[in-house]
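The following exercises concern aromatic rings, charged side chains and surface residues. Examine the sequence and the structure, attempt each task, and then read the worked solution.

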Amino acid sequence: SFGMAAVEVVALGVPLVSSRTGIIEQVITQPEFLFQPHQPGDLAQTLRHLQRHWRVTPFDASGAQRRIREHFLIDHTPH
């Protein structure tokens, strides 16, 4: 799945916690914001970690936005 809603949120610069599905790992490369799908314990651990370390774990919005532009803009897709 492409995950258009997730990509749109990140494109706006909003921090996103996501499961490691679809193309999201090509956009969000920080493992602190990703968890294994169908693993509620992993999601809980990810959220606890972010809650405890939010001030020292900034979301790399500009890097994620750059990766969106590089890989997913219409002018970069095969014709």
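**Exercise 1.** Determine how many aromatic pairs the structure holds, and describe each of them.

*Solution.*
Step 1. This predicted model holds two aromatic pairs.

Step 2. One of them joins Phe33 and Trp54 in an edge-to-face arrangement, with 6.2 Å from centre to centre and 70° between the planes. This pair links distant parts of the chain: Phe33 lies in the loop between helix H2 (24–27) and strand E2 (34–35), Trp54 lies in the loop between helix H3 (40–53) and H4, and the two are 21 residues apart. Phe33 is buried, because its relative accessibility is 1% and buried means under 20%. Trp54, in contrast, is partly exposed at 45%.

Step 3. Phe33 also pairs with Phe59, again edge-to-face, at 5.0 Å centre to centre and 70° between the planes. Here too distant parts of the chain are linked, since Phe59 lies in the loop between H3 and H4, 26 residues from Phe33. With a relative accessibility of 14%, Phe59 counts as buried.

Step 4. Taken together, the ring pairs link Phe33, Trp54 and Phe59 into a cluster.

**Exercise 2.** State how many salt bridges a search of the whole structure finds, and identify the partners.

*Solution.*
Step 1. The search finds three salt bridges. The cut-off is a side-chain nitrogen of Lys or Arg within 4 Å of a carboxyl oxygen of Asp or Glu.

Step 2. Arg20 and Glu25 meet at 2.5 Å, N to O. Arg20 is partly exposed at 27% relative accessible area, and Glu25 is partly exposed at 38%.

Step 3. Arg67 forms a salt bridge with Asp60, with 3.8 Å between the closest N and O atoms. Arg67 counts as buried at 11%, whereas Asp60 is partly exposed at 29%.

Step 4. Glu70 and Arg66 meet at 3.4 Å, N to O. Both residues lie in helix H4 (residues 61–72), four residues apart, which is about one turn of the helix. Glu70 is partly exposed at 39%, as is Arg66 at 37%.

**Exercise 3.** Identify the residues that form a nonpolar patch on the surface, and decide whether Leu12 is buried or exposed.

*Solution.*
Step 1. The patch consists of Val9, Leu12 and Val14, which together have about 260 Å² of accessible area.

Step 2. Leu12 is located in the loop between helix H1 (4–11) and strand E1 (18–19).

Step 3. The relative accessible area of Leu12 is 71%, and exposed means over 50%; therefore Leu12 is exposed.

How values were computed:
Residues are numbered from 1 along each chain as its sequence is written. This is a predicted model: local features need pLDDT of at least 70, side-chain atom pairs count only at pLDDT 80 or more; totals for chains, interfaces and linings use all residues. Side-chain values use heavy atoms; hydrogens and water are left out. Patches are made of residues with over 30% relative accessible area and no salt bridge: like charges are joined within 9 Å, nonpolar side chains (Val, Leu, Ile, Met, Phe, Trp, Tyr) within 5 Å. Accessible areas come from the Shrake-Rupley method with a 1.4 Å probe; for residues, only the protein chains shown count as cover. Buried means under 20% relative accessible area, exposed over 50%, partly exposed in between (1.4 Å probe, protein chains only). Rings of Phe, Tyr and Trp (its six-membered ring) pair if their centres lie within 6.5 Å; planes under 30 degrees apart count as stacked, over 60 as edge-to-face and the rest as tilted.
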